[in-house]
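Trainee: Could you take a close look at the salt bridges for me, and then at whatever turns up around them? I'm new to this, so please go one step at a time.

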Amino acid sequence: KDPYENEGDQDDVLEQIMDPLINKRPPVPASCPAEIKKMMTTCCNEYPEDRPTFEQMDIQLRAFKVFDNNNNNNHYNCNRGQQHQHQHRHRNHSVPESILNEVFPPHIVRALQAGEKVEPEHKEMVTVYFSDIVGFDKLPIEAFKVSNLVDRLYSKFDELSHKHNVFKIDAFKDTWMGVTNLIHDQSDDHALRMARFAVDALDAAHDTWIDPERPALGRTNVRIGFHSGPVVASVVGSRNPQYCIFGDTVNVASRMESHSLPGKIQCSDVSAKLCQTTMETMETTLSSDKVALYSRGQIEIKGKGKMHTYFVGNNNNTNNNNNDVDTMLLKESTLFWSSNISLMEPPPRGFDR
């Protein structure tokens, strides 16, 4: 139906719409659901920057639940322009809703569904994780098998992120990125929580075949790093919006990963001290609740200069590569803070990104 039907000359109507003093807008039917009414009002805002994008409208429409005259629960599907009955709605609606909750924090989902602008948020202390697949660009397998490998490996990481309550920020190419103490209050243990996640992630990688049909290629190896500090979190973009974090903490966390070694977990001095503090205040004596921290000494970090870093591990995540680093790690078997190990040399050339 024409929103201005029977209102006279179309040119006059158009002038009233364009006139900021008149600001003519379509009337809202009395029977219109409150959610749709609010959305219509927002879409007609006189300031274009305050109007929702098509992507935000799509998110809102997928989340709307309205009732017909028979009190039957229906779902508006903006892609098909029709209503689906409750049984069909439950099947189709649950998928995008679950995806939203995986990609965005709950309060961001609510803001997007309401068509509200998401303001950047400052977080004083979080722990940021990065990992990448060693030798990814030189894997001797076809592209579709590379895709399959990444899917198998990062599906394991995703499961572990739920186990340790680590929020996944992104997974692009061979990099998996996550953060703690950003979405939930984990101020008491966010660094140690991330360390445990990293240990499990490393084990998961070592249990993942590069190509199940060619076992001779061996299993996957990853390089891991994390760092703790302040960040700013925000939603970026209007088409396929992404939840991102910014700040020097992210850069340092990335450097911890790129300056780590294959099969190793490296963290900054800040994260190591947070882990130590948490473990010292823990009431449990279970070794599975703790991690081992091995001083690597001062190493040169690109763009940062000398930094004191630590390797993170336990009895089960050291490789049998017979290199000096592994030999040194194997000498330590206890699962607690350890700073009496010999200082290690910086990583070889080629690990600097």
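Mentor: Happy to. The structure holds 10 salt bridges, and keep in mind that this is a predicted model. As for the basic idea, side chains of opposite charge can pair when their charged atoms come close.

Let's begin with Asp211 and Lys145. They form a salt bridge whose closest N and O atoms are 3.0 Å apart. Lys145 belongs to helix H6, while Asp211 sits in the loop between H7 and strand E7 (222-236), so this pair links parts of the chain 66 residues apart. Is this pair buried or exposed? Both Asp211 and Lys145 are buried.

Stay with helix H6 for the next pair. Here the side chains of Asp158 and Lys168 meet in a salt bridge, at 3.2 Å from N to O. Asp158 is in helix H6 and Lys168 is in strand E5, so the pair ties together parts that are 10 residues apart in sequence. Now for how much they show. Buried means under 20% relative accessible area and exposed means over 50%. Lys168 has a relative accessible area of 26%, so it counts as partly exposed. Asp158 comes out at 23%, so it is partly exposed too.

Helix H6 turns up once more with Lys163, which forms a salt bridge with Asp200, the closest N and O atoms being 3.1 Å apart. Since Asp200 is in helix H7, the pair ties together parts 37 residues apart in sequence. Lys163 has 59% relative accessibility, so it is exposed. Going back to Lys145 and Asp211, salt bridges that share partners join these two and Glu213 into one network.

What else is going on along that helix? Try the aromatic rings: a search of the whole structure finds seven aromatic pairs. One of them is Tyr129 with Phe197, an edge-to-face pair at 5.0 Å centre to centre, with 70° between the planes. Tyr129 is in strand E4 (residues 121-133) and Phe197 in helix H7 (residues 190-206), so the pair links parts 68 residues apart. Both Tyr129 and Phe197 are buried. Another pair, Tyr154 and Phe157, is tilted: 5.3 Å centre to centre and 40° between the planes. These two lie in helix H6 (residues 143-164), three residues apart, about one turn of the helix. Tyr154 has 4% relative accessibility, so it counts as buried. Phe157 is at 0%, so it is buried as well. Put these rings together with Trp176, and you have one aromatic cluster of Tyr129, Tyr154, Phe157, Trp176 and Phe197.

One last stop, and we meet Lys168 again. Together with Glu102, Val103, Phe167 and Ile169, Lys168 is among the residues nearest the centre of the largest pocket, which is lined by 30 residues. That pocket has a volume of about 650 Å³. Helix H6 supplies at least two of the lining residues, and so do helix H4 (86-103) and strands E5 (167-172), E6 (175-180) and E8 (242-246). Strand E5 provides the largest share, six residues. By type, the lining divides into 17 nonpolar, nine polar and four charged residues.

Definitions and conventions: Residues are numbered from 1 along each chain as its sequence is written. This is a predicted model: local features need pLDDT of at least 70, side-chain atom pairs count only at pLDDT 80 or more; totals for chains, interfaces and linings use all residues. Side-chain values use heavy atoms; hydrogens and water are left out. Rings of Phe, Tyr and Trp (its six-membered ring) pair if their centres lie within 6.5 Å; planes under 30 degrees apart count as stacked, over 60 as edge-to-face and the rest as tilted. Helices (H or I, at least four residues) and strands (E, at least two) are DSSP runs, numbered from the N terminus. Buried means under 20% relative accessible area, exposed over 50%, partly exposed in between (1.4 Å probe, protein chains only). On a 1 Å grid over the protein atoms alone, a cavity is a set of points where a 1.4 Å probe fits but cannot get out, and a pocket is an open set with protein on both sides within 12 Å along at least five of seven lines; lining residues have an atom within 4 Å of a point. Grid points are joined across faces, edges and corners, and a volume is the space filled by probe spheres set on the points. Ala, Val, Leu, Ile, Met, Phe, Trp, Tyr, Cys and Pro count as nonpolar, Asp, Glu, Lys and Arg as charged, and the others, Gly among them, as polar. A salt bridge is a side-chain nitrogen of Lys or Arg within 4 Å of a carboxyl oxygen of Asp or Glu.
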